[in-house]
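Student: I am new to this structure. Please take a close look at one part for me: the charged side chains and the pairs they make. Then show me a few places around them.

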Amino acid sequence: MAKKADKNLVIVESPAKAKTIGKYLGPSYEVKACMGHLRDLPKSQIGVDVDNDFEPNYRPIRGKEDIIRDLKQSAQSSTTVYLATDPDREGEAISWHLKHLLELEDNKAKRVTFNEITKKVVTESIEKPREIDQNLVDAQQARRILDRIVGYQISPIMWRKIRRGLSAGRVQSVATRMVDDRDAEIEAFVPQEYWTLDALLKNADGAPFKAHYYGKNGKKYEPGTEKEVQAIMDELRSLPFTVKSVKRSDKHRSPSPPFTTSTMQQEASRKLNMTPRRTMAIAQQLYEGVDISGEGTVGLITYMRTDSLRISDEAQRDARSFIERRYGKDYYPVKARQYKTKASAQDAHEAIRPSNVNLTPEEIRGDLTPEQYRLYRLIWSRFLASQMENAIYDSVGVEIEAGKHSFRASASKLKFSGYTAVYEESRDEEKEEKDLPLPPLNEGECVTSEGFEPGQHFTQPPAHYTDATLIRAMEEQGIGRPSTYAPTVSTILDRSYVKKEGKSLLITPLGHAVTGWMEQYFEDIADLKFTALMEKKLDDVEEGDVAWKSVIRDFYGDFESRLENAGNSEYVNIPPTVSEEVCPVCGKNLVERDGRFGQFLACPGYPDCSFTMPLVIQMPGRCPVCGGRLMKRTGVGKDSGKQYTYYCCEHNTATKAQPATCEFRTWDVPVKDDCPQCGHTMFKKSGKGYKRPYCINEACANFLPEEKRGYVKKAADTKKDEKTSPKKSTKKTAAKKTAAKKTTKKTSKKAEKE
């Protein structure tokens, strides 16, 4: 540790991290935040001299002069400056830029990294500083300059040939193409018919059960038509059914490994309904530190940008101690679990895990926001489960014979919970195959046939990508790295190349046109294999095997000629998406347009007809008033100017030509399930996460009053839907009136998000 007389400066990226680390290091260290990059390529120009061997022109970022000045003053009066930015390529580059900006000598600038922000790791890292890793910096420079060349030289051509405001990128263009290819695959899919056949059987004691048709003469067979199924049933009706074999065994189910960046984003999307961008933002908060009662500011998880499954020995020892103490020795395996990281992974950091496994989610729940708690619980549960013993199921498989035909049935029962004692709560929304229980059966026993249940099915096309499955596909293809998955998905949505319906990602006409244009003029950039190969080259730069400028030179070889061809191309006309909604003024089908608040519907007859209306998305279910279609619509608050979402009947919209014929409108989200009591469409509370559906039919015994649905009670005037009645609005003091105004603003923001 440094002497008390010394004054040392530690530079991190965020104030939250500065606060946490400052608490651990004490008065000899001044900890300040640089707020990310302070030097970068200029926004107003490409900033890369392609004629001078791609020399970058780095400049201080406009608007950050005060931060730079403050850090320079602190650095000049410090004995040592510890550059403690994030432990990845980007963080290494920020430290390198800081060293140049602050004009630090080599013996004064020291690089430190924290895989987790705990007192032990922070103090140990400060005691063992290192030099800046130039290979990491060069890998970041190569990526930055490649992206700058692609973006700043292709995008202006796209503005001229397709539409203003567009952009191209090595990773975003490939991600858009993946969504486009999947949608084309779905559209071209031809379903194939197949049938299943279940036998309804009873054992000797009259206990019923089902068995699934397997095949004939010991070979698996799946009937393709109703005629084939009927022939099998006709043959079986005169045959006795006998239990051929009963096999019992213990089936072991192993836990999933701890999280990497991509698997955390996938699970958070599926189970917590968080977007990748939001997941990373909350994870960053957990990593940098949260104020915990009795503990102070604590970094709760390890670094969240990683592709490694490695776990430190110390973390495994802590996990073992916790598991044996809480669940017993049977719940810890004989040998500590090790998970093999993919060969293509950088393996720079551990897997994502809690910094202190003894800080359980329930213990610190009161100190976390709801989102922080849910994500921390997911990370904590996944890590702890990954170190636990297998779950064991008592499994039984039965084969039943009828002539040359055979049927099979199976069932399993949990025998030892193992890791599921921890991770079961996070599997609530997953769809799992459930085996029906089987009655006691013995080999050679005759069973009675009670009939058959034939079922017609059709093969299904591949599912549309979701946030989770697109990230998984990108990882499998080697496209992008942990730090780029979330920004890539956000970018293609922000650019309107892809739109989201429910959880599905769908290509837009604009995205389809851009993908086709990129494939025609920049085939290499839009190619999945080329992009994955480029990621491998960047990894080689990081390893010191390849010079970073040689990667740029190889890429730029025929890039100039491609730019020239694209510049001479024809203008791309993108036909608007035609909706099913009809213009009430002139009768034409409305089309989708882009506006200030996103997409809306407009009459294609403009300027002769200027009718517009909010974008309409049909929802499941039926209007509880008139039985019409239910629609998702958007509106804009008159006072706040913010956009909000509501649900209404298709006949709710009034026009000059025709008044609204149905008044049904609600904030509640309609769901596909009908009420089992009255058959009306059920609804759920709006917002993120799982919400239990309820019935809004007041005449139904299953009706749930509004005050029990989890909403704050609204004012009687429903026209002011963008405001709730502020609780503090009746106060007379000026200070409390100000507080009431703040409450209104927060409510407006909430309405916008919903």
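Tutor: Here is a walk through the charged pairs, followed by a helix and some backbone details. Keep in mind that this is a predicted model.

Start with the total. A search of the whole structure finds 44 salt bridges. Three of the pairs deserve a close look, and a network follows.

Take R353 and E116. They form a salt bridge, and their closest N and O atoms are 2.7 Å apart. R353 sits in the loop between α10 (313–326) and α11 (370–386). E116 sits in the loop between β8 (109–111) and α4 (119–127). The two are 237 residues apart in sequence, so the pair ties together distant stretches of the numbering. Are these two residues buried or exposed? R353 counts as buried, because its relative accessibility is 4% and the cut-off is under 20%. E116 counts as buried as well, at 9% relative accessibility.

Now turn to R177 and D181. This salt bridge has its closest N and O atoms 3.5 Å apart. Both residues belong to helix α6 (residues 170–188). They are four residues apart there, so about one helical turn separates them. R177 is buried, with a relative accessible area of 19%. D181 is partly exposed, at 35%.

The third pair is E235 and K216. Their closest N and O atoms are 4.0 Å apart, and they form a salt bridge. E235 lies in helix α7 (residues 226–236), while K216 lies in strand β10 (residues 208–216). The two are 19 residues apart, and the pair links distant parts of the chain. E235 counts as partly exposed, at 36% relative accessibility. K216 is partly exposed too, with a relative accessible area of 33%.

Some salt bridges share partners. In this way K7, E30, K32 and D70 are joined into one network.

Next, the charges in a surface patch. K220, K244, K247 and R408 form a positive one. R408 is placed in strand β16 (residues 405–416). R408 is partly exposed, with a relative accessible area of 39%.

Now the helix, α13 (residues 467–477). Its buried residues include D467, A468 and L470. I471, A473 and M474 of α13 are buried as well. What do the buried residues of α13 pack against? Among their partners are the helices α6, α8 (261–272), α9 (276–288) and α14 (485–494). The strands β18 (498–501) and β19 (504–507) are packed against too. Recall that α6 is the helix that holds R177 and D181. Just after α13 comes G478, with a positive phi of about 75°.

That brings us to the backbone. F54 has a phi near 60°, a positive value in a residue other than glycine. F54 is in the loop between β4 (48–49) and β5 (55–56). At 6% relative accessibility, F54 counts as buried. N217 also has a positive phi, near 55°, and is not a glycine either. N217 is found in the loop between β10 and β11 (219–220). N217 is exposed, with a relative accessible area of 53%.

One last backbone detail. A cis peptide bond joins Y606 and P607, with omega about 10°. P607 is in the loop between β22 (598–602) and β23 (612–614).

Definitions and conventions:
Residues are numbered from 1 along each chain as its sequence is written. This is a predicted model: local features need pLDDT of at least 70, side-chain atom pairs count only at pLDDT 80 or more; totals for chains, interfaces and linings use all residues. Side-chain values use heavy atoms; hydrogens and water are left out. Patches are made of residues with over 30% relative accessible area and no salt bridge: like charges are joined within 9 Å, nonpolar side chains (Val, Leu, Ile, Met, Phe, Trp, Tyr) within 5 Å. Accessible areas come from the Shrake-Rupley method with a 1.4 Å probe; for residues, only the protein chains shown count as cover. A salt bridge is a side-chain nitrogen of Lys or Arg within 4 Å of a carboxyl oxygen of Asp or Glu. Lys and Arg count as positive and Asp and Glu as negative; His and the chain ends are not counted. The place of a charge is taken as NZ of Lys, CZ of Arg, CG of Asp or CD of Glu. Buried means under 20% relative accessible area, exposed over 50%, partly exposed in between (1.4 Å probe, protein chains only). Contact means heavy atoms within 4.5 Å.
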